[in-house]
Amino acid sequence: MGADYFTDPLGGLTDAEWDGMADGRFYSSAFWLRLVALEAGAVSGGLHVALPGGGRAAVPVAATEPDGMSNPHLRWHDVLTQRGLPSPSAGGVLVAQRRGYLAHLLATPGVDRVDAAGALLEAVRSLPDPVGPSGSKAGPARVAMYLTTADVLALRAAGVRSMPVALTADAWLGIPPGGWEEWLETMGSSHRRRRVRSEVRKFEQAGYRVEHRVLRDAYTHVGRLAARTEQRYGIEGNPDAYVEAFRKHAELAGDRAEVLLCSLGDETPVGCCLYVRDGDTVYLRAVGFDYERLRGAAEYFNLAYYLPARMPGVRWLHAGIATPGGKALRGAELRPLWLLDLTSGSPLEGRENDVRAHNAAFLDRLTAESPAVTKALLEDEWKSFC
């Protein structure tokens, strides 16, 4: 077991060693985990174990104080109790990274996934209780969040007895080899195709100037605009703090973090989309707008989806967990992400019927949004636990 699991984001491994296991999973990559570790609020680490038959398995971990994470999306105690389900203590070990909301179990290619899951489960349960910044010991909980169905199945096969809890739907937009026009055809409904074409046309006719930059040349604009968007949705966004956070992001990312800036003439930008391109996939990271200056020309969807979808060689847009209805209308697949309590003697053990009822109700609420959402759900990934 790596001895640096709470002092180094990769548990003491080199970037190449870690990325050999991440194998293209961007939000579990060495780059992303080092970026997350720059943020204040928790201790980010990397847990890795050598496997008996050769190879290695790993997972990101974070120490959590008894009052939980500052990020509400990672406060498992609140998430579970608000859904009427029992929860382990609020403090302990988060098995996931703190940004990105998509976690994976990692292993050397060719290693049996269940064997890797079993070794990681034993290692996670054997971790000492982490010590938070205050010096107080966190509780014994060990909770994985935002896991894929495949990894949940591997952990369950390795001995986890608790039932996974549906957290959210993760949106992926697939761009076929034929590019933009073929992508439009995959939407099926002529009404949806007309909607997208109309939104593109409005944006093009609005007189905007769109620039492509790397983040280090645009972080002040991104910080200012992202703070405005957070404020619009009731989150206290300090522009200076956001600018500094994106400056640090840019310093580590170099040319990997890219930005689309949207302006009117020579004025300061009114909108931005920050993204990272990894292979043939674009990961959408942040958007921001000066809403009073927008022209009502579908600026969000053009910057976040339609312009990236037309970049040469792009085959996937990862659009994340918010607003599944709008993403489904634009051709996204909706894949489930789960909370799985790995704590020994989890309070969710023996509550299978309650958890299944919750998951089924969660799925029903999604399907009730629209026929497009129902079509977008990958049924095989949901049905095992609903």
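In this predicted model, N302 touches E199, V200, F203, A297, L307, P308 and R310, when residues up to four places away in sequence are left out of the count. N302 lies in helix α10, and because its relative accessibility is 0%, under the 20% limit for burial, the residue counts as buried. The helix around N302 is likewise mostly covered, since α10 spans residues 299-309 and nine of its eleven residues are buried. The buried set comprises E299, F301, N302, L303, A304, Y305, Y306, P308 and A309, so that P308, one of the residues touched by N302, is itself among the buried residues of α10.

A packed helix pair was examined next. Two packed helices are described by the angle between their axes together with the distance between those axes. For helix α8 (residues 219-232) and helix α9 (residues 239-253), the packing angle is about 130° and the axes are 8 Å apart. Because this angle falls outside the ranges for roughly parallel, roughly perpendicular and roughly antiparallel arrangements, α8 is oblique to α9, and the crossing of the two helices is right-handed.

On the α8 side, the contact is formed by Y219, T220, V222, G223, R224, A226, A227, E230 and Q231, which meet P239, Y242, V243, F246 and R247 of α9. By residue class, the contact of α8 with α9 divides into eight nonpolar, three polar and three charged residues, with R224 and E230 of α8 and R247 of α9 making up the charged group.

Conventions. Residues are numbered from 1 along each chain as its sequence is written. This is a predicted model: local features need pLDDT of at least 70, side-chain atom pairs count only at pLDDT 80 or more; totals for chains, interfaces and linings use all residues. Side-chain values use heavy atoms; hydrogens and water are left out. Axes are lines fitted to C-alpha atoms, for helices over the stretch in contact, and angles run from 0 to 180 degrees between N-to-C directions. Helices (H or I, at least four residues) and strands (E, at least two) are DSSP runs, numbered from the N terminus. Angles under 35 degrees count as roughly parallel, over 145 as roughly antiparallel, 65 to 115 as roughly perpendicular and the rest as oblique. A crossing is left-handed if the near helix is turned anticlockwise from the far one by less than a right angle, and right-handed if clockwise. Contact means heavy atoms within 4.5 Å. Buried means under 20% relative accessible area, exposed over 50%, partly exposed in between (1.4 Å probe, protein chains only).
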